[in-house]
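Visitor: I would like to learn how to read the features of a protein model one at a time. Could you take me through this one, giving the general idea before each case?

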Amino acid sequence: MPPRPTWKGFLKVSLVTIPVKVFPATESAETISFNQLHAECQTRIQQKRWCPHCEREVPNTDIVKGYEFEKGRYVIVDEEDVEKVRVESTRVINLEKFTDDTAIDPIYLERPYYLAPDGPVAREAFAVIREGMKGKAGIGKVALYGREYLVKVQPREQGLVMYTLRHANEIRSMEAIDELSEMPDKVKPEEVKLARQVMGTFEGTVDLQEYRDDYQVGLREIIDAKIEGREIVAPEVEAPPKVVNLMEALRKSLDTISSNKKTPAPITRMVAPQKKRRA
């Protein structure tokens with residue numbers, strides 16, 4: 001089933017406006033989720049909206065949004081009030097600035113979306129803008145899910161990918177991490193050289209399709225076993241040894257890698273199948 005667009009509007013570059021659709025670029029369907037159950041009878045727990053003042057359950061139709069401007073005092077904001085917020089980004093992704101596609105620190109990237117032209121008429125203009133943006137990224141804003149996001153838009157394959165960005169005030173400074181305040185100013189060059197040698201032996205092309213979520217796979221195996229009444233014995237996980245001598249650990253790493261590369265692959269002998277004897 002093809003994904004549905006989560007937003008429709010226009011992509012704007014100066015005086016060029018292109019109708020576009022926004023699609024989620026990720027999915028979490030493979031992630032195992034759990035329900036909360038009552039341990040005694042294994043019945044699913046219900047979440048009820050309860051008013052402690054009236055001492056009764058409140059239906060969805062009687063629930064409104066309130067902003068607490070003072071302790072215990074609220075102002076009610078309804079859908080009509082929300083509709084009065086008329087910012088350009090509710091319908092237009094206006095790319096106001098352009099930079100190199102690698103210029104934005106990855107720590108600001110939040111969630112990816114795909115942009116596609118909305119209708120046959122928009123395809124040619126969309127393709128021209130996509131080609132013109134190669135190696136570049138446009139910065140703009142879009143209103144999604146009740147808030148306005150800063151976004152980065154750049155070409156990807158046949159379309160454009162849009163990342164919502166965290167604002168600068170949402171990024172915590174590393175200076176707030178006490179464990180990093182006493183890091184050494186200098187390190188031994190020979191240790192750095194050896195560390196780079198070790199890392200160099202693992203260099204190669206990364207294909208993320210080769211990786212899987214082993215935790216989810218193991219969790220699925222346990223769930224299937226419990227459904228079938230089987231028991232799974234958890235393997236023992238040994239804690240990694242503490243590094244007492246860094247140089248010794250790095251040298252051992254290189255020696256282990258070198259010996260593994262020199263070990264010849266075992267020879268598999270082909271044995272011809274024996275003919276069955278007639279009775």
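Guide: Let us begin with the words for accessibility: a residue is called buried when its relative accessible area is under 20%, exposed when that area is over 50%, and partly exposed in between. Please keep in mind throughout that this is a predicted model.

Visitor: With those words in hand, which residues of α3 are buried, and which are exposed on the other side?

Guide: In α3, the buried residues are Glu191, Leu194, Ala195 and Val198. Seen down the axis of α3, these buried residues fall within an arc of 105°, so they line one face of the helix. On the other side of α3 you will find Pro189, Lys193 and Arg196, which are exposed. As for its length, helix α3 covers residues 189-200, twelve in number, and spans 16 Å from its first C-alpha to its last, close to the 16 Å expected at 1.5 Å a residue.

Visitor: How many helices and strands are there in the chain as a whole, and what share of its residues is buried?

Guide: The chain contains five helices and twelve strands, and of its 279 residues 19% are buried. The accessible surface of the chain comes to about 24500 Å², with 52% of it belonging to carbon and sulfur atoms. If you look at contacts between residues at least 6 apart in sequence, 60% of them join residues at least 24 apart.

Visitor: Where in the chain could I look at one buried residue and its contacts?

Guide: Take Thr164, which is found in strand β12, residues 159-165. Thr164 counts as buried, with a relative accessibility of 1%. Leaving aside residues up to four places away in sequence, Thr164 touches Tyr108, Leu109, Glu110, Arg111 and Tyr113, and also Leu144, Tyr149, Leu150 and Val151.

Visitor: Let us turn to salt bridges; how many does the structure hold?

Guide: To recognise one, look for a side-chain nitrogen of Lys or Arg within 4 Å of a carboxyl oxygen of Asp or Glu. The structure holds ten salt bridges. One of them joins Asp224 and Arg220, with 3.8 Å from N to O. Both of these residues, Asp224 and Arg220, lie in helix α4 (residues 214-228), where they are four residues apart, about one turn of the helix. Asp224 is partly exposed at 29% relative accessible area, and Arg220 is partly exposed as well, at 41%.

Visitor: Which other pairs should I look at, and how exposed are their residues?

Guide: Arg230 forms a salt bridge with Glu228, and the closest N and O atoms of this pair are 2.8 Å apart. Here Arg230 is partly exposed, with a relative accessible area of 45%, whereas Glu228 is exposed, with 54%. In another pair, the side chains of Glu148 and Lys141 meet in a salt bridge with an N to O distance of 3.9 Å. Glu148 has a relative accessible area of 33% and is partly exposed, and Lys141, at 37%, is partly exposed too. Salt bridges can also be joined up, and in this model Arg130, Glu131 and Lys134 are linked in a network of them.

Visitor: How many disulfides does the structure hold, and why is there no bond between Cys54 and Cys51?

Guide: The structure holds zero disulfides. A disulfide is counted when two cysteine sulfur atoms lie within 2.5 Å. The cysteine sulfur closest to that of Cys54 is in Cys51, 3.8 Å away, which is too far for a bond. Cys54 is partly exposed, with a relative accessible area of 41%, and Cys41, at 46%, is partly exposed as well.

Visitor: My last topic is the backbone: which residue other than glycine has a positive phi near 60°, and where is it found?

Guide: That residue is Gln42, whose phi is near 60°. Gln42 is found in the loop between β2 (16-24) and β3 (50-51), and it is exposed, with a relative accessible area of 61%. A further case is Glu157, which is not a glycine and yet has a positive phi of about 50°. Glu157 is found in the loop between β11 (147-156) and β12, and at 68% relative accessibility it counts as exposed.

Technical notes:
Residues numbered from 1 in each chain as written. Predicted model: local features only at pLDDT ≥ 70, side-chain atom pairs only at ≥ 80, totals over all residues. Heavy atoms only, no water. Buried < 20%, exposed > 50% of the residue type's maximum accessible area, 1.4 Å probe, protein only. Helix = DSSP H or I, 4+ residues; strand = E, 2+ residues; numbered from the N terminus. Expected span 1.5 Å × (residues − 1). Arc of directions from axis to C-beta. Contact = heavy atoms within 4.5 Å. Areas by Shrake-Rupley, 256 points an atom, 1.4 Å probe, with all protein chains shown as cover.
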